[in-house]
Amino acid sequence: MRLSHRLDKLPPYLFVEINRKIAEKRAKGEDVLSFAIGDPDIPTPDYIIDRLCRAAQDPSNHRYPETSGLPELCLAIAKWYQRRFGVELDVSKEVLPLIGSKEGIGHISFCFIDTGDIALVPDPSYPVYSMSTLLAGGEPYYMPLKEENGFLPDFTVIPAAVAKKAKLLWLNYPNNPTGATAEPIFFKMAVDFAKKHNLAICHDAPYTEVAYDGYKPSSFMQVPGAKEVGIEFHSLSKTYNMTGWRIGMAVGNAQMLDALFRLKSNLDSGIPQAIQIAAIEALNGPSYFTEKQNAVYQRRRDKLVKALNEIGLKATPPKASFYVWGRVPPGYTSIQFATELLDKANVAVTPGVGYGSVGEGYVRFSLTLPDERLDDGIRRLLLWSKSAR
Ligand SMILES: *Cc1c(COP(=O)(O)O)cnc(C)c1O
């Protein structure tokens, strides 16, 4: 058989070697402690699961759902945006439920990118922005996220010829992997830049509810003009610990959402209806759960950041997201440092270079592991550091 050339565009997986080592150690019965996975350890709240179970028992939810999603779900999403951000959305055309936001992020590239087209993609970033660009036949143009710029891209240094040729602009705040946040004034600059160059903006925002010290992240949709040029991806995954249930949404520009809907309606048949009903329950539900959960992450964040600085990584506590982005000690690449921690401390972290070349020199720690595991991980790191000196 002959596979498509499209698949050859996907770069080789960088962490083959590290993952092989982890599998080998685990096969030998060693306890590898992982800070590498960005997936909440806390279960989905009971009231959401109870609703899901009841919905699963109703035969009307056993049939094909509509790709456009239940009208009640679209309404719950619109109301949630209204309540949380003061953003008004037209339920009939400015809301599109997704099978997890990753699904929409992957598919939207196929609505905009033809062979040779450019998408502006942050470096480092969630890999799906660049991979979907490549699969659609396009070229990512990487915008470096530098620490001295607060991990925000600098639109003024993008060459005019690139901006002219680009069709999509990807942004993600609160940011994975850096934990950086963006204020409305930055989003306004992005809107102006997009208008000037006739670009469509995709803002990926699954972490707006994971925030600390009383900070409330903004939505891209809050700035004037956002709806004219862009959409925002959001998700129930990180807010309600629903990564396994696969449900998210895109909101904003009606033309972009219609394009995504037209593509999707030929590829998928929507989100299982019982899960949509559980999502309605989640979105309409109380917010005290989020506050309680953020207090847990915040406590973990503070312990971890303190320990990392003690062992020679430079890390600042993130205001949002559940990631700590640490600069590795001098003399190591990010892969060398991750390998050292794995070999000597049985601790797995994600090398920053996996998110783009500008991520070199950093490693990402996730806070989504139970407290006693996190404490154990910190103990291992401190022990490693003592023996390494
Ligand atoms: C987790 C994550 C997603 C994917 O979320 P799903 O809704 O579960 O598909 C998208 N973007 C970023 C940056 C993420 O970290």
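**View 1. Polar contacts of the ligand with Lys102, Tyr207 and Lys238 in a predicted model**. An oxygen atom of the ligand lies 2.9 Å from a polar backbone atom of Lys102, a polar contact being a pair of N or O atoms within 3.5 Å (within protein, one must be able to donate a hydrogen and the other to accept it, and residues adjacent in sequence count only if both atoms are side-chain atoms). The side chain of Tyr207 places a polar atom 2.6 Å from an oxygen atom of the ligand, and for a polar side-chain atom of Lys238 the distance to an oxygen atom of the ligand is 3.2 Å. The ligand taken alone exposes 390 Å², of which the protein buries 93%; these accessible areas come from the Shrake-Rupley method with a 1.4 Å probe. The model is predicted, so that local features need pLDDT of at least 70 and side-chain atom pairs count only at pLDDT 80 or more, whereas totals for chains, interfaces and linings use all residues. Residues are numbered from 1 along each chain as its sequence is written, and side-chain values use heavy atoms, with hydrogens and water left out.

**View 2. The shell of residues around the ligand**. The ligand is surrounded by 15 residues, the closest being Asp204, Tyr207, Ser235, Ser237 and Lys238, where a residue counts as near if one of its heavy atoms lies within 4 Å. Helix α5 (residues 101–112) supplies the largest share of this shell, three residues; helices (H or I, at least four residues) and strands (E, at least two) are DSSP runs numbered from the N terminus. By class, the shell has five nonpolar, six polar and four charged residues, with Ala, Val, Leu, Ile, Met, Phe, Trp, Tyr, Cys and Pro counted as nonpolar, Asp, Glu, Lys and Arg as charged, and the others, Gly among them, as polar.

**View 3. The largest pocket, in which the ligand sits**. A pocket is an open set of points on a 1 Å grid over the protein atoms alone, where a 1.4 Å probe fits, with protein on both sides within 12 Å along at least five of seven lines, and its lining residues have an atom within 4 Å of a point. The ligand sits in the largest pocket, as more than half of its atoms lie within 2 Å of the grid points. The volume of this pocket is about 1200 Å³, taken as the space filled by probe spheres set on the points, which are joined across faces, edges and corners. Among the 49 lining residues, Tyr13, Tyr126, Pro127, Gly354 and Tyr355 are the closest to the centre.

**View 4. The cis peptide bond between Asp123 and Pro124**. Omega is about 5° here, and Pro124 lies in the loop between β3 (118–123) and α6.
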